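Hi,

Here is the structure I promised to pass on. Have a look at it first, and then read on for what turned up.

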Amino acid sequence: MSNILVYIHAPAGAPTKGQRELLALAARLGQASAVLGGPADAAALASLGAAGATGFYAAAGGLDATGLIAPAVSLLEAAVRESGATAVLLPNTVEGREIAARTAVRLDAGVITDAIDVDADLTVTKPVLAGSYTVKAQVTRGPALITLKANSVELPEAAPAAGAPAPVHELELGETGPAARITATAPHTATGRPELSEARFVVAGGRGVDGDFGPVEDLADALGAAVGASRAATDAGWIDHSAQVGQTGTTVSPQLYISAGISGAIQQKAGMQTAKTIIAINKDPDAPVFEIADLGIVGDLAVVLPQAAAEIRRRKG
Amino acid sequence: MSQNTGTPLNILVLVKHVPDVQFDRHLSGPGQRLDRKDSVLSELDEYAIEAALALAEARGGDKAGNTVTAMTMGPEAAANAVKKSLQMGAAAGVHICDPALAGSDAGATSLALATAIKQLGGFDVVLTGMASTDAETSLVPAQLAERLGVAQLTNLSKLEIDPGTNTVTALRVGEDGAQSVEATLPVLISVTDQANEPRYPNFRGILAAKKKKITTLTLAQLGLAEEAVGAAGSATRVLSAAPRPPRAAGQVITDSGQAGIALVDFLADAKLI
Ligand SMILES: Cc1cc2nc3c(=O)[nH]c(=O)nc-3n(C[C@H](O)[C@H](O)[C@H](O)COP(=O)(O)OP(=O)(O)OC[C@H]3O[C@@H](n4cnc5c(N)ncnc54)[C@H](O)[C@@H]3O)c2cc1C
């Protein structure tokens, strides 16, 4: 059975949904091992094991957390050489893509980003050109480095019970090359809502909210949804930039995307048009967003959203 | 790259000529290549050009010996991306142009670019956009840092070089949140669309650009074998491509007081609640 590596950016007591998807896909393709991009305690190892990891690779003496990208590249390169892996799966994040990019140069290998599926023969399915085409692609040389979009893999109903802890292989990295230093990190403010890229439901607001995200957040909470935004709304400072959906923000592929007070510019559509169901609320009947909405409501979001939120709460009892 | 300490800076900005996102874009032919007519300078590269010009200006501009050079790789029409950079204020241009480059993936592209950068030499800063708007992989900036053996400062929403020093301090947005990052020259930088407000070429800039020089480089001049780039040199291959069926517009209703309820009925019918 071929060895498949999964790059785990920040191991924690409970793996994120995205990490569990990576491990589930790897287990389907072969023998899954996790490469630990940060310190992992016994609880983290046990939960990664329960999610499918049958072995671990870590930097001897720990990975230099202040070095940007380059230390992780050295770790991944060493893990591939040690394991003889045929494929490496990484999250489709800024870090995941950059680590894959540089590791590919070192291993003279190919990278495919934005994967939504990987077959047994490592053929990758991915959307391109803002979701207007679906492409099948393959790596022809070296191990296949693949970055997987969140929400792409069906997770098993019940996680397998954790068995005996799998072994951790410690790798000597040596000099990891010139790297920028990370001097401080300001974590995203926790909202208590689902993480945008992984959420099943997203309610997004645009310039039409006119400074008040209250109605958007209210409907999101009634639905258990993440909150998204157009660039016009984040540029105006009404909500954090991390909420931006689109070409230069987060791309989402949820079951349901509710777009409120957003016109539907191409750069916004690029980030959400693969949603299963799209509902749009806009005052302007000619807004381009209506061209892709399964349900379009011509109306004032300040009226429609609170009514919908109240109705959901009423029906849920 | 030169180990220049402080003033002045040699800055190279990479620009790409890509199909205009405002039009329908198509893949076709045996390699499922992108139809490149109706191409323009990638919008996201305008932020890189602006960042390059601003860094040079902060050190006294071209009068103080700072240079901003714009470089592209692509078919003949790609020179237009360099021309627009010259109109915005870059001083000179380089165009890597060779038919054997067609079909290069990110790895082969970064190889050709890195080879040219090393040959031209002397850059303190190589600047790029956060992604091209065609393939949108964001792989090339990190691969260039690797191939050039310099630190990467990527996905920056803010950056400056402290006056009189050769340290770049910057803000990067990543998975963990906003990171403060720093590195000493030479560096590879990529900037997001949050980094600045790109300037428009003015009339004087457009006239001045006509006198600026664009150097064309072939693979032979770079000393690169044809098999090292293009489809042959690429470690990835597209097997097939299918246009996604266009999203059919659904029903549109006008709110007459009950649309919020209708929205919830729709969710219930679709078994979403
Ligand atoms: C390089 C680049 C990258 C970009 N990246 C992104 C990106 O990642 N994401 C993104 O979103 N955009 C991006 N943009 C910007 C994009 O082009 C649009 O400008 C932006 O999406 C517009 O946001 P909006 O729809 O909220 O605002 P507008 O286009 O102003 O639309 C506001 C809409 O709200 C409606 N409205 C107003 N009041 C109400 C009300 N009370 N009730 C209901 N409807 C109301 C109006 O009818 C209008 O249709 C990018 C642009 C560039 C150049």
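Chain A and chain B bury about 6,900 Å² between them, and 55% of that area is on carbon and sulfur atoms. Three residues stand out on the chain A side: Arg102(A), Leu129(A) and Tyr133(A) supply 10% of the area that chain A buries against chain B, more than any other three residues. Counted by residues, 84 from chain A are in contact with 77 from chain B. Keep in mind that this is a predicted model, so please read every number here as computed from that prediction.

What holds charges opposite each other here? There are 7 salt bridges between chain A and chain B. One of them joins the side chains of Arg106(A) and Glu146(B), with 2.7 Å from N to O. Polar contacts are counted too: 43 residue pairs across the two chains, both residues at pLDDT 80 or more. Which part of chain A gives the largest share of the side that touches chain B? That is helix α4 of chain A (residues 94–107), with 9 residues. Sorted by type, the residues on that side of chain A are 43 nonpolar, 25 polar and 16 charged.

Now for the strands, since some of them pair across the two chains. As a reminder, strands of a sheet pair through backbone hydrogen bonds, either parallel or antiparallel.

- Strand β11 of chain A (residues 181–187) pairs with strand β11 of chain B (residues 177–184) in the antiparallel sense, over 6 bridges. To find the spot, look for Pro187(A), whose bridge partner in β11(B) is Gly177(B).
- Strand β8 of chain A (residues 133–139) pairs with β14(B), also in the antiparallel sense, over 7 bridges. Here Tyr133(A) has Pro243(B) as its bridge partner; Tyr133(A) is also one of the three residues named above for buried area.

That second pairing belongs to an open sheet of 4 strands, in the order β6(A)-β7(A)-β8(A)-β14(B), with antiparallel pairing. At the edges are β6 of chain A (117–118) and β14 of chain B (236–243); each has a single partner strand, so one side of each is left without a neighbour in the sheet.

Finally, chain A by itself. It has 8 helices and 16 strands. Its radius of gyration is 21 Å, close to the 20 Å that the globule rule gives for 317 residues, so chain A is as compact as a globular protein of that length. Along its principal axes, the C-alpha trace of chain A spans about 60 × 40 × 40 Å.

Cheers

Methods:
Residues numbered from 1 in each chain as written. Chains lettered and ligands numbered in written order. Predicted model: local features only at pLDDT ≥ 70, side-chain atom pairs only at ≥ 80, totals over all residues. Heavy atoms only, no water. Contact = heavy atoms within 4.5 Å. Buried area = accessible area lost by both parts, 1.4 Å probe. Salt bridge = Lys/Arg side-chain N within 4 Å of Asp/Glu carboxyl O. Polar contact = N/O pair within 3.5 Å; in protein donor to acceptor, adjacent residues only side chain to side chain. Helix = DSSP H or I, 4+ residues; strand = E, 2+ residues; numbered from the N terminus. Nonpolar A, V, L, I, M, F, W, Y, C, P; charged D, E, K, R; others polar. Pairing = 2+ DSSP bridges. Rg over C-alpha atoms; globule rule 2.2 N^0.38 Å.
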